[in-house]
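Hi everyone, thanks for coming. I'd like to walk you through one structure today, so let's put it on the screen.

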Amino acid sequence: YLLASGGADGEVFIISLETPEEPNVFSPAQPPNATKHTSDVTKLAWNTQVSHILASTAQNGSCIVWDLKGKKAWCELREPLGGSFTDLCWNPDQGLNLVTASGDDKNPVIKLWDLRSSTSLPLATLSAHTQGILALSWCPTDTSLLLSCGKDNKTYLWDLYQMQTIYELPSSTNDENDLNRGVNNMMGDFGG
């Protein structure tokens, strides 16, 4: 059993709970391959297909994909405009696809990465939010669907095949019936 932790000092630690009474704590990359973020770690996510792969994002716009078996960083994705990554998700079905979210109010985008083809250019960039993105959720049963929410109080459902939003969840909680109606309509469209 492994847990991961990231901190304000840019460090990522892995905690092995094979012996819960004496947990083993280690870094994902050992010298001479020691790599670390240079700012606060904002998110950690285990790969959905390969149990020894972990990704971490940082406030300085870096995303490091760690190979725990190789004890090194496998690759690093960068946000070239200096924005921060606030979230990331691995594709539930394909271990080499992930999405990152930018918390930058000037460039609030979602980037879809295919690590087989490039670690310097995203496969696609999605934009609809007008302020930084706070969180992402990739649908575990239909990988064409992604949910994002932002500081602009918007929550979008994305169709990743069409690379566009297909639904905006109502942001008003004043009328719970409107919100329930919207969610039920959305789920009805997809057989839920």
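Let's start with a pocket. The second largest one has a volume of about 170 Å³, and please keep in mind that we are looking at a predicted model. Which residues line this pocket? They are N91, Q94, N97, L112, L123, W138, T143, L160, Y161 and M163. By type, that lining splits into six nonpolar residues and four polar ones, with no charged residue.

Stay with M163 for a moment. Its phi is positive, near 60 degrees, and M163 is not a glycine. Most residues other than glycine have a negative phi. M163 sits in the loop between β14 and β15 (164–169), and it is partly exposed, at 33% relative accessibility.

K71 is another non-glycine residue with a positive phi, about 55 degrees here. You'll find K71 in the loop between β6 (62–67) and β7 (72–78). With a relative accessible area of 46%, K71 is partly exposed.

Now to the interior. The largest nonpolar core has 14 residues, and those with the most contacts inside it are V99, I110, L136, W138, L146, W158 and L160. Two or more residues each come from β9 (97–102), β10 (109–114), β11 (124–127), β12 (133–138) and β14 (155–159). Which strand gives the most? That would be β12, with three residues.

Look at L146 too: beyond its neighbours within four places in sequence, L146 is in contact with V99, I110, L136, S137, W138, Y156, L157, W158 and L160. Finally, there is a second, separate core of 13 residues, including I53, A55, C63 and W90.

Thanks, and I'm happy to chat afterwards!

How values were computed: Residues are numbered from 1 along each chain as its sequence is written. This is a predicted model: local features need pLDDT of at least 70, side-chain atom pairs count only at pLDDT 80 or more; totals for chains, interfaces and linings use all residues. Side-chain values use heavy atoms; hydrogens and water are left out. A nonpolar core is a set of buried Ala, Val, Leu, Ile, Met, Phe, Trp, Tyr and Cys residues joined through side-chain atoms within 4.5 Å. Buried means under 20% relative accessible area, exposed over 50%, partly exposed in between (1.4 Å probe, protein chains only). Helices (H or I, at least four residues) and strands (E, at least two) are DSSP runs, numbered from the N terminus. Contact means heavy atoms within 4.5 Å. On a 1 Å grid over the protein atoms alone, a cavity is a set of points where a 1.4 Å probe fits but cannot get out, and a pocket is an open set with protein on both sides within 12 Å along at least five of seven lines; lining residues have an atom within 4 Å of a point. Grid points are joined across faces, edges and corners, and a volume is the space filled by probe spheres set on the points. Ala, Val, Leu, Ile, Met, Phe, Trp, Tyr, Cys and Pro count as nonpolar, Asp, Glu, Lys and Arg as charged, and the others, Gly among them, as polar.
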